[in-house]
Amino acid sequence: MNAKSMWVWAIGVFVIAAAAHGGILDRVRDAAREAVQEVTGEKAEAPAAPAGPGQVPAGSAASGGGSHPGPSAERREYYPSVSYATLLNGVTVHYRHHKFALNNIQATFIEEGATGYIILRTADGTELYRYDFRAQPVSKPYTLLELMGTFDLRKGEQLSGGGMQVDLDGPGAYVLDFYLPAEHFYTFPFTVDVIGSDDPFAGDNWWVTSGDWFDWGYLMITDADPEKNLSWRMWLRRTDKGTTTRLKEDAKVRVEIRGPGGLVCVSRDATRSIGPDWNRWDFDMAHPTEGTTTWGEYFKAKNLLANDGEYTLTVMKNDTLYGAWKFSVAEGRLQHKGRTLRAETDPLRFIEGGRVAWWYCRE
């Protein structure tokens with residue numbers, strides 16, 4: 001067993017052990033970030049420099065296995081990319097059947113009708129499957145990557161004339177690489193972990209995905225209109241299997257934003273039903289102070305943007321701190337940072353939110 005194979009095995013064992021001891025969320029977070037660092041060589045918060053002419057970023061398919069184009073050497077503001085929310089929604093592994101699938105992923109700044117392909121590989125470079133796509137119009141600059149064929153690269157056979165669920169080798173670290181005919185334009189690392197229970201009556205272990213789902217969320221302003229309501233969107237899944245065969249658990253989730261003047265807004269009280277798959281949840285923000293004339297009313301984006309400064313968004317799950325996200329407002333605008341800085345971060349790892357979503361990474 002080589003060093004990378006041992007690392008992949010160790011991640012699976014680590015996550016199982018984490019489920020049986022305290023500090024589950026910290027361990028899930030650390031495992032996810034280590035997976036990204038192992039596959040891409042990057043730090044979770046620091047944007048990598050764009051690849052120069054002839055350079056191949058670590059973790060790209062062009063650097064290990066298969067003959068594929070490398071990243072473009074052209075410098076431009078709007079690189080081909082993917083809509084990150086559709087990517088996190090669209091990459092799935094069935095918790096019980098262990099099937100991998102891609103669903104309804106949208107790209108940005110790719111011409112309508114353009115063709116390309118997606119490679120699913122292991123972190124050590126073994127190519128498993130290829131998905132051919134054609135870019136279908138949605139609304140400029142968005143296109144849907146319609147899957148036109150699924151191929152098993154190890155067997156050299158076509159499995160389907162469209163997208164289909166495929167078998168994975170097992171828990172471990174994987175990468176999706178996205179290609180146009182002359183350009184490698186995106187890469188997405190993730191891991192497949194196993195979570196179980198010490199209770200022998202709790203049923204089979206689950207396969208779950210880990211990665212950016214855990215760390216990233218975004219503030220949403222519909223139509224980028226400050227008169228519209230402010231909301232926070234993030235992904236949640238179960239972090240342990242518990243002691244029963246029940247698929248989902250109910251969790252009370254509360255979002256709060258604090259800024260220079262203290263508590264700014266809060267989400268409405270809500271209980272979410274959370275299972276082993278990542279699901280995106282939308283939290284509408286409201287005015288916080290009971291007894292005031294605005295208490296409980298929807299919180300408009302303009303009320304946040306009116307005050308420049310540093311802000312912290314916290315999420316409480318069942319009255320326990322789940323995570324914190326920091327962001328800033330300057331000159332009446334939400335500020336991008338890290339991997340969301342267009343034309344400044346590595347295009348292969350850029351997080352595209354369009355004009356209506358401001359993405360932030362957990363601290």
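**Exercise 1. Which residues does Leu168 touch, leaving out those up to four places away in sequence?**

Solution.
Step 1. List the contacts. Leu168 touches Val93, His98, Phe100, Leu120, Tyr174, Val192 and Trp207. The model is predicted.
Step 2. Place the residue. Leu168 sits in the loop between β9 (166-167) and β10 (172-180).
Step 3. Check its cover. The relative accessibility of Leu168 is 10%. Buried means under 20%, so Leu168 counts as buried.
Step 4. Compare sequence with space. Leu168 and Arg121 are 47 residues apart in sequence. Their C-alpha atoms are 9.9 Å apart.

**Exercise 2. Is His287 buried or exposed?**

Solution.
Step 1. Find the element. His287 belongs to the loop between β18 (279-286) and α5 (301-305).
Step 2. Read the area. His287 has a relative accessible area of 16%. The cut-off for buried is under 20%, so His287 is buried.
Step 3. Name the neighbours. Setting aside residues up to four places away in sequence, His287 touches Val266, Thr294, Trp295, Gly296, Glu297, Tyr298, Phe299 and Asn303.

**Exercise 3. Describe the surroundings of Tyr360.**

Solution.
Step 1. Locate Tyr360. It lies in strand β22 (residues 357-361).
Step 2. Judge exposure. Tyr360 is buried, at a relative accessible area of 1%.
Step 3. Collect contacts beyond four places in sequence. Among them are Asp215, Trp216, Gly217 and Leu219. Trp325, Lys326 and Phe327 also touch Tyr360, as do Leu334, Gln335 and Lys337.
Step 4. Look for a polar partner. A polar atom of the Tyr360 side chain lies 2.8 Å from the backbone oxygen of Gln335.
Step 5. Add a C-alpha distance. Tyr360 and Arg339 are 8.9 Å apart, C-alpha to C-alpha, with their positions 21 residues apart in sequence.

**Exercise 4. How many disulfides does a search of the whole structure find?**

Solution.
Step 1. Recall the bond. A disulfide covalently joins the sulfur atoms of two cysteines.
Step 2. Apply the cut-off. The two sulfur atoms must be within 2.5 Å. The search finds zero disulfides.
Step 3. Inspect two cysteines. Cys265 is buried, with a relative accessible area of 0%. Cys361 is also buried, at 4% relative accessibility.

**Exercise 5. Summarise the protein chain.**

Solution.
Step 1. Count elements. The chain has five helices and 22 strands.
Step 2. Assess burial. Of its 363 residues, 50% count as buried.
Step 3. Assess contact range. Take the contacts with a separation of 6 or more. Residues 24 or more positions apart account for 61% of them.
Step 4. Describe the surface. The chain exposes about 16,400 Å². Carbon and sulfur atoms supply 49% of that area.

How values were computed:
Residues are numbered from 1 along each chain as its sequence is written. This is a predicted model: local features need pLDDT of at least 70, side-chain atom pairs count only at pLDDT 80 or more; totals for chains, interfaces and linings use all residues. Side-chain values use heavy atoms; hydrogens and water are left out. Helices (H or I, at least four residues) and strands (E, at least two) are DSSP runs, numbered from the N terminus. Buried means under 20% relative accessible area, exposed over 50%, partly exposed in between (1.4 Å probe, protein chains only). Contact means heavy atoms within 4.5 Å. Accessible areas come from the Shrake-Rupley method with a 1.4 Å probe; for residues, only the protein chains shown count as cover. A polar contact is a pair of N or O atoms within 3.5 Å; within protein, one must be able to donate a hydrogen and the other to accept it, and residues adjacent in sequence count only if both atoms are side-chain atoms.
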